[in-house]
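Hello,

Here is the structure I promised to pass on to you. Have a look at it first, and then read on for what turned up in it.

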Amino acid sequence: MTNLLILGGTTEANALAKAVAQLGIPATYSYAGRVENPRPQPVQVRVGGFGGAAGLARYLSDSAVTHVVDATHPFAAQMSGNAVAACAETGVPLAALTRPEWAAQDGDRWQHASDTAAAVAALSGPAQRVFLAVGRMHLEDFAAQPQHHYLLRLVDEPDMLPLPNCDVVVSRGPFTVEEDLALIMRHETQLVVSKNAGGTGARAKLDAARALGVPVLMIDRPTLPKRVEFSGVTQVLDWLTHP
């Protein structure tokens with residue numbers, strides 16, 4: 001019998017959990033534990049890390065997991081690498097459910113950064129009003145450029161912020177272009193900093209920036225180990241049911 005582990009926390013993972021629940025496929029949805037109030041799921045849920053690749057391998061064996069789907073954020077490189085290593089060690093089949101990267105369109109004013117460190121370096125210079133749309137984990141990195149006024153949009157109310165000059169909006173996507181147009185104009189944003197997460201839930205800020213002529217500093221995705229990759233839930237279900 002199939003016993004699926006979904007490494008989740010994304011819209012794609014949520015859609016997969018709903019689909020397997022409807023089909024009656026036993027599954028566990030794993031959250032990393034970085035959000036205080038994660039969305040409820042129609043399958044069993046666990047929260048927290050595994051203890052690296054070795055800990056994940058032990059979990060797969062102890063829980064008799066038959067398949068793993070990595071549907072984590074495209075920038076969760078450590079978790080994705082651990083999944084590749086753990087599945088290779090245990091022989092558990094692994095597939096990734098990924099979303100296509102965003103691509104610049106006519107009218108976009110994008111500058112690319114290879115990683116977070118490169119993005120921080122690119123912000124050297126005079127003070128600007130920056131919409132820093134990179135999530136909570138990397139805010140400490142940008143404290144190296146304290147001259148800017150930052151706009152942060154976070155899922156949870158932060159306990160403490162490393163940035164001395166910032167406004168915080170607590171909100172959970174997906175967002176509309178109209179909402180992000182209003183947000184960018186209200187905060188007089190001069191630059192948007194974004195990870196290339198892909199998908200539709202967080203794209204609105206890029207469309208709004210294009211409409212307003214605001215430049216975007218786009219952080220490119222990390223390089224991940226080679227694995228089976230699918231772009232849709234239907235493909236994953238076919239993989240699960242037709243080995």
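To start with a puzzle: which side chain meets that of Arg210 in a salt bridge? The partner is Asp108, and the N to O distance is 3.0 Å. Please keep in mind throughout that this is a predicted model.

**Salt bridges**

The Arg210 pair is a nice one to look at, since it links distant parts of the chain: Arg210 sits in helix α7, Asp108 belongs to the loop between β5 and β6 (110–113), and their positions lie 102 residues apart in the count. Asp108 has a relative accessible area of 16%, and because buried means under 20%, Asp108 counts as buried. The pair is also part of something wider, as Asp108, Arg203, Asp207 and Arg210 are linked in a network of salt bridges.

While you are in that loop, have a look at Ala103, which is found there too. Leaving aside neighbours within four places in sequence, Ala103 is in contact with Asp108, Trp110 and Arg203, and two of the network's members, Asp108 and Arg203, are thus on that list. Ala103 and Gly198 are 95 residues apart in sequence, yet their C-alpha atoms are 8.7 Å apart in space.

In total, the count comes to 7 salt bridges. One of the others joins the side chains of Asp180 and Arg153, at 2.6 Å from N to O. This pair, too, links distant parts of the chain: Asp180 is in helix α6 (residues 177–186) and Arg153 in strand β8 (residues 149–154), 27 residues apart. Both partners are buried: Asp180 has a relative accessible area of 1%, and Arg153 has 15%.

Arg227 and Glu229 form a further salt bridge, with their closest N and O atoms 3.2 Å apart. Here the two partners sit in unlike surroundings: Arg227 is buried, at 16% relative accessible area, whereas Glu229 is partly exposed, at 45%.

**The six-stranded sheet**

Now to the strands. An open sheet is formed by 6 strands in the order β3-β2-β1-β4-β5-β12, with parallel pairing. At its edges are β3 (44–47) and β12 (228–230), each of which pairs on one side only. From one strand to the next, the twist averages 25 degrees.

At the β3 edge, β2 (residues 27–31) and β3 pair in the parallel sense over 4 bridges. Tyr29 stands opposite Val45 of β3.

Two helices are worth finding against this sheet. Helix α2 (residues 52–62) lies across β1 (4–7), β2, β3 and β4 (67–70), and runs at about 150 degrees to β1. Helix α3 (residues 77–90) lies across β1, β4 and β5 (94–97), at about 160 degrees to β5.

**The nonpolar cores**

The largest nonpolar core has 21 residues, and those with the most contacts inside it are Ile6, Leu16, Val20, Val69 and Val236. β1, α1 (11–23), β2, β5 and α8 (233–241) each supply at least two of its residues. Helix α1 gives the most, with 5 residues.

Val69 is a good residue to click on. Not counting residues up to four places away in sequence, Val69 touches Leu4, Leu5, Ile6, Leu7, Leu16, Ala95, Leu97, Val236 and Trp239. Another core lies apart from this one; it has 18 residues, among them Ala113, Ala119, Tyr150 and Ile219.

**Strand β10**

Last, a strand that I would pick out on screen. Is β10 (residues 191–195) largely enclosed or open? It is largely enclosed by the rest of the structure, because 5 of its 5 residues are buried. Both faces are covered, with Leu191, Val193 and Lys195 on one side and Val192 and Ser194 on the other.

β10 also has a parallel partner in β7 (residues 129–133), joined to it by 4 bridges, and another in β11 (residues 216–219), again through 4 bridges. Val193 is a handy landmark for both pairings: Leu132 stands opposite it, and its bridge partner in β11 is Leu217. Finally, β10, helix α7 (residues 204–212) and β11 make a right-handed β-α-β unit. Helix α7 is also where you will find Arg210, which brings us back to the opening puzzle.

Enjoy exploring, and best wishes

Terms used: Residues numbered from 1 in each chain as written. Predicted model: local features only at pLDDT ≥ 70, side-chain atom pairs only at ≥ 80, totals over all residues. Heavy atoms only, no water. Buried < 20%, exposed > 50% of the residue type's maximum accessible area, 1.4 Å probe, protein only. Pairing = 2+ DSSP bridges. Right-handed = clockwise from strand over helix to strand, strands pointing away. Axes fitted to C-alpha atoms, helices over the stretch in contact; angles between N-to-C directions. Contact = heavy atoms within 4.5 Å. Core = buried A, V, L, I, M, F, W, Y, C linked by side-chain atoms within 4.5 Å. Salt bridge = Lys/Arg side-chain N within 4 Å of Asp/Glu carboxyl O.
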